[in-house]
Each structure stands twice: as structure tokens, then as C-alpha cells.
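Student: Could you take me through one part of this protein closely? I would like to follow the sheet packing and the core beside it.

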Amino acid sequence: MWARLLLIFTLALAVGGMHAADSSATNQNAGLRLSTFDIDATPPIGSMMAYDPVTNKWDLGLRARGIVLLGAGEPLVLCAVDWIGIANGGHDAFCKGLAEAAGTTAARVAVHTLHQHDAPDCDFAAERILLDGGMSARQYASGFQRQVLTNLQNAVRESLAHAQPVTELGLGQALVTNVASNRRILGADGKVRGVRYTATKDPELRAAPEGTIDPTVSLVSFWNGDKPLAVLSYYATHPQSYYRTGIPNPDFPGVARFLRQLAVPAALHIHFNGAGGNIGAGKYNDGSPENRLLLAQRLADGMRRAWESTKRTPIAAEDVGWSTEWVAIPPSKYFATNDLAAKLEQRTAPFLTGEGATRLAWLRRCKDGKQIDVSCLKLGRARIVHLPGEPFVEYQLAAKATRPDLFVAVAGYGDYGPWYIGTSVAYEEGGYETSPTATNVGPEAEPILLRAIRNLLRR
């Protein structure tokens, strides 16, 4: 009997030791951790981009990059993709797919594009509409896009095994000069007299003042001791220097990101386009190919100075938060589901070339009561606001004005379904961005979106 008691006692000690070891391991793994993922998102030769088929490749391809933040409730995922847009059913699928890979919910995933124009489009709902109508899915054919999503899921899962502790948060800002300018040039009557597109040759339009912009590039960095893990940059402007080349490329923000990656190779550099719907490089860019490098160098220089001005502070799980506002933005009064459906039935060229399928997908979602998410990530004294569509810069400026006591950054180009989101007055001023060909929403969007932004930032 004594031998049996001794055996039980010995086993109890061993089990207790294992539990102590498990507890120790848990304590070592507790706290804020971060993993990064980065994959190629360049379409193959012969496939269709937003405007043209791919005919060749460039030195720099397209990337899909992001982070998974662990230890503050369910995991949080931020992802930036070098595509023109991910809309409607495509955006739903990407958020859901990344959530499954990270072990979280789709509401805690933010997927954004940088809006380069020599790049793919993505809308699984638009693809289904065209295929059901017996037509070619054109740029919405999703074979490549779905493969990228699968690759992203695999990359996210793989990254989790290599998550590293986050001990400090870095915040830095700097002014970027001679890159961004407002696209909408107003006349004496208060109406848009000219649009200064991303590449503008008209000397009169280029001579006009910069107009309303946000010249600041904001950097958010995550650190493990003295080692930087990831650098997230935010800057508001259309990213084109020139396009319609048939060659997928990340344009000047991608080149700037690449230059910063070379300068600080220890951290993954992830860039987000801000609220740049009415912002472009037109004042400083006539479309000459040489300007791509000049614009990239100017943006990279701003990123460098923001990096050098970065202040680091300790951060813990309790300093991290995530909140979401679900909004219903009414569709533009210029569109009706029945009208678009009739054009689909008639297989009219304007429906196909005018991206009617993705518009019909957006209208059906609105009719079905589908809401769109506006979210905010809290990181210490920093707040990162995630917006849908191509929002005007005024939304970004309003976010910063709501909490001038905090470090506020904005990422636009989330769910691309709404297209341009102007201010209420912009719909009265005229111009391309608020015309029926460019926006899927109307002036009612401003109070809805501003209310969501302010609610998130005032919490």
C-alpha cells in the first residue's frame, strides 16, 4: 500500500510540475503580440486588370501586406492591397477569409486598397451578376483574386506561429511637399470650373493653388524592445503618376514604400491611402514617366522624417481597443435597381464599360438593408479610422479636428462599393467626383459618415 501511495504522490508532483510549466509558458506568451504577412498580388500576363489586360511585368509587383494584433481580445487584422478596389461581395469575402485564418470575426478585420489604376478590380457580386446574365465577367473574373485570398489566408495562418511581443508603440508625423493637391478647381460662381486630374497638362489648372489637402504623412510603428516589427504609413492622395500601360505596378506610393523598406529592413512597411477621393498629384505631375520617381522620393522623404520624429511609448493589451459603427449610406438618386437590371438584360455597352455590374451589386445590397462598417483602432493615444469608398479629404480633416488631443490617422478605400463619397456641398458644386458617372451615393452620405466618425473618436 505504501508503494502505491508513493507512486500516486510522485505522479501528483509530476502533474503539478507540468501544470506549473504550462502556467509559466502561458505567462511568457501573454500580452500584446504581432505577426506580419506579405504576399505577391500581381496578376499574370493575359489576365484583366481594372482597365486593361496584363501585357508585361514591371520590376516592382503588387503586394498584399498586413498585420495581426494578438492579445487584446479577439485578434485584429489590418490589410492593405495594391489593387484599385475591393467591393461588395469581394470585400465581404476578404474580411471573412482573413478572419477565419486569424481566428477572429470579420468585424475585427480591415481590408483596404491603395487604388493604383494599373491593378486588378475585385467584386465577387458583380462577377455573379455578369455570369448569371450570360456575359463575360471581364475585370471581375475572380479566379486570380480568389487565389490571392487563399494565399493571404495561408500567409496569415503561417504568420501566427511567428508572432512577436509588442512592448512599445511608435508615433510620428511629417509634412509631405509638392505631391498632393486638390483636384476640384472652383470658379467665381462656386462651381467646379476644372478638374485637376492626377496627371494634368493644362498649365492654368496646374498653376491654381493646392487647395484643401492634408499634407501630413502619419506613421504608426510596433516595437519589440529596440526592434521595429512593422511600420504603418497613412497619406491621402490618388496614387497615380501615369497608367493604362498594361503593366501592373504599385505606382509612386509603392515605390516610396519600397525605398523605406530598404532603409529600415527589420520592419514590414505597410502603406494605407487616406481619404484621398478629391486629392491627386495633378499640380505637380504632367504625366511624364520621370515624375513617378520624383513623387515617390518626395513621399519617401516625408516618411523618413516622420520615422525620425517618431516617439516611442510602452503599450500593453489594455491600451488597445476596437470599435465599429455600422452605417446605411443611401444610394445615389440617379440610379435605380430596375434601370440597371434592364440594361443588364439588354447587354448594353455602357452597362459593361461603365462598370454597371458593380453598381447593380451596390444597389441590391442597399435595398437588402446591407450596412457598411466604419471602424476605429485604439492604440494608446493613437486612433486609426477605417473608411469605405473614396472619401473626400474633408472627412479625414474632420476626424483629426474631432480629437486634436490625439494622434489620428485615416485609411480610406475600404469597401469600394460606394465609389466617391463627396461632401454635401460638393454635390452642388459639380465636377467629376460627384457626377452620376463617378459616385454611387449622394449628399446624404456626409452627415451619416461624419456621425459615425465622431461617435468612434469620442468614445
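Tutor: Happily; here is a walk through one sheet, its helix and the core, followed by a hairpin and the helix beside it. This is a predicted model, in which local features need pLDDT of at least 70 and side-chain atom pairs count only at pLDDT 80 or more, while totals for chains, interfaces and linings use all residues. Residues are numbered from 1 along each chain as its sequence is written, and side-chain values use heavy atoms, with hydrogens and water left out.

Let us start with the sheet. Its 4 strands are arranged in the order S17-S18-S19-S21, as an open sheet with mixed pairing. Strands here are DSSP runs of E with at least two residues, helices are runs of H or I with at least four, and both are numbered from the N terminus; two strands pair if DSSP finds at least two bridges between them. Strand S17 (320-327) and strand S21 (407-411) are at the edges with a single partner strand each, so one side of each has no neighbour in the sheet. From one strand to the next, the twist averages 15°. Angles run from 0 to 180 degrees between N-to-C directions, with axes fitted as lines to C-alpha atoms, for helices over the stretch in contact.

Within the sheet, S18 (residues 372-379) and S19 (residues 382-386) run antiparallel and are joined by 5 bridges. Opposite Leu379 you will find Ala382 in S19. Helix H13 (residues 445-458) packs on this sheet, touching S17, S18, S19 and S21, and its direction makes about 160° with that of S17. Contact means heavy atoms within 4.5 Å.

H13 also leads us into the largest nonpolar core, to which it gives the largest share, 8 residues. Such a core is a set of buried Ala, Val, Leu, Ile, Met, Phe, Trp, Tyr and Cys residues joined through side-chain atoms within 4.5 Å, where buried means under 20% relative accessible area with a 1.4 Å probe, protein chains only. This core has 41 residues, and Val374, Val385, Leu387, Tyr395 and Ile453 touch the most other members. Among the elements giving two or more residues to this core are S18, S21, helix H10 (356-367) and helix H11 (393-402). Leaving aside neighbours within four places in sequence, the contacts of Val374 include Val327, Val385, Leu387, Leu449, Ala452 and Leu456. Apart from this core lies another, of 32 residues, among them Ala72, Val220, Val320 and Ile384.

Val220 takes us to the hairpin, where its bridge partner in S13 is Leu232. Strand S12 (residues 216-224) has 8 of its 9 residues buried. S12 runs antiparallel to S13 (residues 227-235), with 7 bridges joining them. The two form a hairpin with 2 residues between them, and Gly225 in the turn has a positive phi of about 65°. S12 also pairs with strand S8 (residues 168-175), in the antiparallel sense over 8 bridges; in that pairing, Gly172 stands opposite Leu219.

Finally, look at helix H7. The buried residues of H7 pack against S8, S12, S13, helix H6 (251-263) and strand S14 (268-273). Those buried residues include Leu295, Leu299, Met303 and Trp307. The buried residues cover an arc of only 165° around the axis, taken from the directions from the helix axis to the C-beta atoms, which puts them on the same side of H7.

Notes
Buried means under 20% relative accessible area, exposed over 50%, partly exposed in between (1.4 Å probe, protein chains only).
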